[in-house]
Amino acid sequence: MSIYLHIPKTAGTALRNAFLLPNNQGKVLPFHVASTHNVTVYNSEVQVFFSIRDPLERFCSGYWERFTNPRRRLLNNNAPLRYQGEGYNNISSIERDLFKTYKTPNELLTAIREDTYDQKGMSLQNTELNLLLAPLKYWTGDLNKYKLFEKKVGAVFDQTNLSKIMKEVFNIEMPNDPFLKRSRDQFPELNQTYEVSNDNKDWFIKTFRKADYRIIEYIRSRPYYIEN
């Protein structure tokens with residue numbers, strides 16, 4: 001069976017939860033959601049499906065997911081067993097220090113761009129935040145590598161319109177509940193801003209995640225891309 005790549009912050013958990021909703025019982029999709037984040041376009045042995053999301057938005061979403069981890073863990077632990085997910089390990093001391101130092105994604109991006117981020121003192125190498133902030137190319141390879149394995153791709157969805165796509169193409173209802181969606185709407189009182197300075201945005205698009213934007217531009221030109 002084909003597989004949906006669980007690229008962080010592209011609705012993999014929401015899609016998994018959709019299968020558990022009563023109104024979707026008995027319905028099937030041509031793929032199942034990968035159980036780990038380690039399955040990629042180039043190492044999968046079967047056909048792959050996945051969603052794409054603006055890289056800057058996905059970066060900010062990944063930052064806030066780990067920032068709110070203690071509260072997310074509590075909600076997860078109190079949820080019905082069938083809806084409890086993984087990825088709720090306690091934040092590390094390094095992550096804790098990072099969130100105290102850089103209180104928004106914009107502050108973190110400024111430090112990386114200006115080379116004032118303490119790579120030695122705050123190495124994210126073995127943290128979950130590192131995975132959540134990883135570039136899309138971690139799962140697709142760079143553009144040249146992606147093209148080599150492109151024949152494996154069954155479809156790529158616009159994550160922004162995923163609910164509409166799942167309903168119209170596969171007759172699957174996506175969850176509306178903020179917890180089941182794992183969205184930032186779980187904590188409406190917290191200002192989980194995605195705003196970044198113009199300098200950071202320009203650098204992010206043209207330098208820091210330039211490869212990701214090239215991959216997405218290419219994918220959007222392909223016949224397997226489903227936008228809405």
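Here is a friendly chat about helix 5, helix 11 and some residues around them in a predicted model.

Colleague: Which ground rules apply to this model?
Modeller: It is predicted, so local features need pLDDT of at least 70 and side-chain atom pairs count only at pLDDT 80 or more, while totals for chains, interfaces and linings use all residues. Residues are numbered from 1 along each chain as its sequence is written, and side-chain values use heavy atoms, with hydrogens and water left out.

Colleague: How is helix 5 set against helix 11: roughly parallel, roughly antiparallel, roughly perpendicular or oblique?
Modeller: Helices here are DSSP runs (H or I, at least four residues), numbered from the N terminus. Helix 5 covers residues 105–113 and helix 11 covers residues 198–208; they pack at about 60°, with axes 10 Å apart. Axes are lines fitted to C-alpha atoms over the stretch in contact, and angles run from 0 to 180 degrees between N-to-C directions. Because angles under 35 degrees count as roughly parallel, over 145 as roughly antiparallel, 65 to 115 as roughly perpendicular and the rest as oblique, helix 5 is oblique to helix 11.

Colleague: Which residues of helix 11 make the contact with helix 5?
Modeller: Contact means heavy atoms within 4.5 Å. Helix 5 brings Asn106, Leu109, Thr110, Ile112 and Arg113. Facing them from helix 11 are Asp199, Asn200, Trp203, Phe204 and Phe208.

Colleague: Which residues of helix 5 are buried?
Modeller: Buried means under 20% relative accessible area, exposed over 50% and partly exposed in between (1.4 Å probe, protein chains only). The buried residues of helix 5 pack against helix 2 (55–67), helix 4 (93–101) and helix 11. They are Pro105, Asn106, Leu108, Leu109 and Ala111.

Colleague: How far apart in space are aspartate 199 and leucine 109?
Modeller: Aspartate 199 sits in helix 11 and is exposed, at 52% relative accessibility. In sequence, aspartate 199 and leucine 109 are 90 residues apart. From C-alpha to C-alpha, the distance between them is 9.9 Å.

Colleague: What is phi of aspartate 115?
Modeller: Most residues other than glycine have a negative phi. Aspartate 115 follows helix 5, in the loop that leads to helix 6 (128–132), and is exposed at 66% relative accessible area. Its phi is positive, near 60°.

Colleague: And is arginine 182 buried or exposed?
Modeller: Arginine 182 lies in the loop between helix 10 (178–181) and helix 11. Its phi is positive too, near 55°. With a relative accessibility of 7%, arginine 182 counts as buried.

How values were computed. Helices (H or I, at least four residues) and strands (E, at least two) are DSSP runs, numbered from the N terminus.
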